[in-house]
Amino acid sequence: MAQEVVKVHPLVVRIAHWLNVLAVLIMITSGWRIYDASPLFESFYIPDSITLGGWLAGALQWHFAAMWLFVLNGVVYVTYGLLSGHFRRKLLPIRPGAVLRDVLAAFRGKLAHDDLSVYNAAQRAAYLALVLLLIVLVLTGLVLWKPVQFYWYGRFIGDYEGARLLHFFAMAGVALIVVVHVAMVILVPRTFPSMITGRVRRAS
Amino acid sequence: MKIRRMGESFLAHRSRQVVNLERRAFLGKSLSVGALALLSGCELTDDESVQKLLMRMSGWNDDVQHWLFSSSRLAPEFPESRITRPFPFNAYYAEEEVIDVDGGQYKLELGGMIKERKPWTLPELYALPQVSQVTRHICVEGWSAIGKWSGVRFSDFLQRIGADTTAKYVGFQCLDDYSTSIDMATALHPQTLLAFKYADQILPPKYGFPMKLRIPTKLGFKNPKHIGTIFVSNNYPGGYWEDKGYNWFSGS
C-alpha cells in the first residue's frame, strides 16, 4: 500500500503547543502551591511533592513569571488560529451528537484514528474547551491578581471570591483535559512525533 | 540559606537607616527564617540563576503594576452587613504574641524627606479629621475578609507633615519589628488611611493598636500594623516579607 506524507500541524501550532506545555505545567504546579496556602475546600490539599515553588512566595514568583509566557504564547496562538482559519478548519463544526458518539466510541476502544489530519468530534470539543478554559483562567486570574484595577468586569463574576472559585474549577477542567489528552497520546503513540515534525504518514 | 540569598538582591538598594532598623528585627526574623527553610523543599527554586530570573520578573511585575495602578480607580466599598465576623487575625507571629503598646507613652516618629518631623502623640492624631471605609482585605495567601476601618486620609497626613510627595517610597517600621514600604502613588490614593479604628472602636491590639495603614489597593501584608516610624525616601526600603521574596508592589 502506498503511503503519503501529510502535513497535520503548522509550525506556529507546534511551537505554541510546546511553549504552552511548559507554561501550563508551571502555572498549574505553582498554582497548586498557592492554593495550599489557603485551600478553598477545607480538607482538600495538593501534595507538596507535585507543587512548584517550595513555599508560597516561591510559588507566586513562578506563577507571575510564567503568566507572561502563557499569555503571550496564547495571544500568538489564538490570533493565528482565528486569522489563518486554523480554528475553523480543524475545530469546526462541533455537533453535540457527534461528540457524544465519538466519546462513547473512545470508551469502547473503537474510535478510529485512520486520518490524523482530521480531528474527530471528541477531539474538537476537547481542544476547543481547553482553549476556552485557558482564556477563562487568564480572565479570572487577572481579577485575582488585580481585583481593584479589573473590578469593572470582576464585579460580573462575583468579584475576588467568585473569580477564585472560577479560577479553581477552570484549572480542574484543564487538568482533566490534559490527563485525557496524554492518555490518548499514549494509546495512539504515532500522534506524538507529529506534534514535533508536523507530519504523519497516511495510507492512500 | 535560601531566604538570606533572596534578600541579597535587595541589599544594595537599602538605605542605611533601614539597615539599622532591620538589625533590630534580626533576632525575631532568624527564628521564622529557620521555619521557612524547613518548608522550602523545591530545589529548582533554590537554584541561584533561577532565583535571579524570578526576582527580575518580580521587579518587572512591580513596574507593570505601577503602570496599571490608577489613583482614581477605587476599591469597591461594601455595606456594613457584608463585614466578616470575626475579622481574621494575621501576622508573622501567633495571636498570643501580639504586642501591647502603651497608648499614653506612644509617639509616632517621622523620618526621611519630611519637613515637620516632630513626633505625634495619640490625642494629636485622633484630633485630625477622619473618614471610614468598608473594604475587602485580601491576603497574599488567597483568603479575603471585609472590614471597617476609620482614620485620617494618609495623603492629608503626608501633606500636613510636609512630606516630599515627589519621593518614590514611604516606609514603615513597626513596633512588632515588622516593616514594609509602598510607592508614593499608593500612599496618596484617596482610600489609603492611617487607621485608628476598627469597626468604630479604637483598634484592638490584634488589629494593630495604635494604628495601621489601611490600603485597600494592596495585599494585606502591605498594610502595616503597630506603626512606630513613618519615613519618606528615594531609596528602596524593602520590608519584612518583601525581603523574603514576596512581590514588592503587591497591588490589588
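Q: Before we look at a strand, what makes a residue count as buried?
A: A residue is buried if 20 or more other C-beta atoms lie within 10 Å of its own. Keep in mind that this is a predicted model. Now try strand β5 of chain B, residues 169-174: six of its six residues are buried, so by that cut-off β5(B) is mostly covered.

Q: Which residues of β5(B) lie on one side and which on the other?
A: Here's the general idea: in a regular strand the side chains alternate between the two faces of the sheet. In this case, one side of β5(B) has Tyr169(B), Gly171(B) and Gln173(B), and the other has Val170(B), Phe172(B) and Cys174(B). Both faces are covered, with all of these residues buried.

Q: What is the order of the strands in the open sheet of chain B?
A: Read across the five strands and you get β2-β1-β10-β5-β6, with mixed pairing. At the edges sit β2 (120-121) and β6 (179-183) of chain B, each of which pairs on one side only. For the wider setting, chain B comes to seven helices and ten strands, and 40% of its 252 residues count as buried.

Q: How many bridges join β5(B) to β6(B), and how many to β10(B)?
A: Take β6(B) to begin with: β5(B) pairs with it in the antiparallel sense over five bridges. On to β10(B), residues 227-233: β5(B) is joined to it by six bridges, and this pair also runs antiparallel. Gly171(B) is a handy residue to follow, as its bridge partner in β6(B) is Ser181(B), while in β10(B) its partner is Phe231(B). Tyr169(B), for its part, has Asp183(B) as its bridge partner in β6(B).

Q: What do β5(B) and β6(B) form, and which residue in the turn has a positive phi?
A: The two strands make a hairpin, with four residues between them. Look in the turn for Asp177(B), whose phi is positive at about 65°.

Q: Let's move to helices. How do α4(A) and α5(A) cross?
A: Two packed helices are described by the angle between their axes and the distance between the axes. For α4 (residues 96-107) and α5 (residues 121-145) of chain A, the axes come within 7 Å and cross at roughly 105°. The two helices are therefore roughly perpendicular to each other.

Q: Which residues meet where α4(A) and α5(A) touch?
A: From α4(A) come Ala98(A), Val99(A), Arg101(A), Asp102(A), Val103(A) and Ala106(A), and they meet Ala121(A), Ala122(A) and Ala125(A) of α5(A). Sorted by kind, the contact has seven nonpolar residues, no polar ones and two charged ones.

Q: Which residues have the most contacts inside the largest nonpolar core?
A: In soluble globular proteins, nonpolar side chains tend to be buried together. The largest such core here has 67 residues, and Met27(A), Ala66(A) and Leu194(B) have the most contacts inside it. Helix α2(A) gives the most to this core, with ten residues. Leaving aside neighbours within four places in sequence, Leu194(B) is in contact with Gly151(B), Val152(B), Phe154(B), Phe157(B), Met211(B) and Leu213(B).

Q: How many residues of chain A are in contact with chain B?
A: There are 25 on chain A, in contact with 32 residues of chain B. On the chain A side, the elements that give two or more residues are α1 (11-37), α2 (56-83) and α7 (159-187). The largest share, eight residues, comes from α2(A). By kind, that side of chain A divides into 14 nonpolar, six polar and five charged residues.

Key
Residues are numbered from 1 along each chain as its sequence is written. Chains are lettered from A and ligands numbered from 1 in the order in which they are written. This is a predicted model: local features need pLDDT of at least 70, side-chain atom pairs count only at pLDDT 80 or more; totals for chains, interfaces and linings use all residues. Two residues are in contact if their C-beta atoms, placed from the backbone, lie within 7 Å. Ala, Val, Leu, Ile, Met, Phe, Trp, Tyr, Cys and Pro count as nonpolar, Asp, Glu, Lys and Arg as charged, and the others, Gly among them, as polar. A residue is buried if 20 or more other C-beta atoms lie within 10 Å of its own, exposed if 12 or fewer, and partly exposed in between; C-beta atoms are placed from the backbone. Two strands pair if DSSP finds at least two bridges between them. A nonpolar core is a set of buried Ala, Val, Leu, Ile, Met, Phe, Trp, Tyr and Cys residues joined through C-beta atoms within 7 Å. Axes are lines fitted to C-alpha atoms, for helices over the stretch in contact, and angles run from 0 to 180 degrees between N-to-C directions. Angles under 35 degrees count as roughly parallel, over 145 as roughly antiparallel, 65 to 115 as roughly perpendicular and the rest as oblique.
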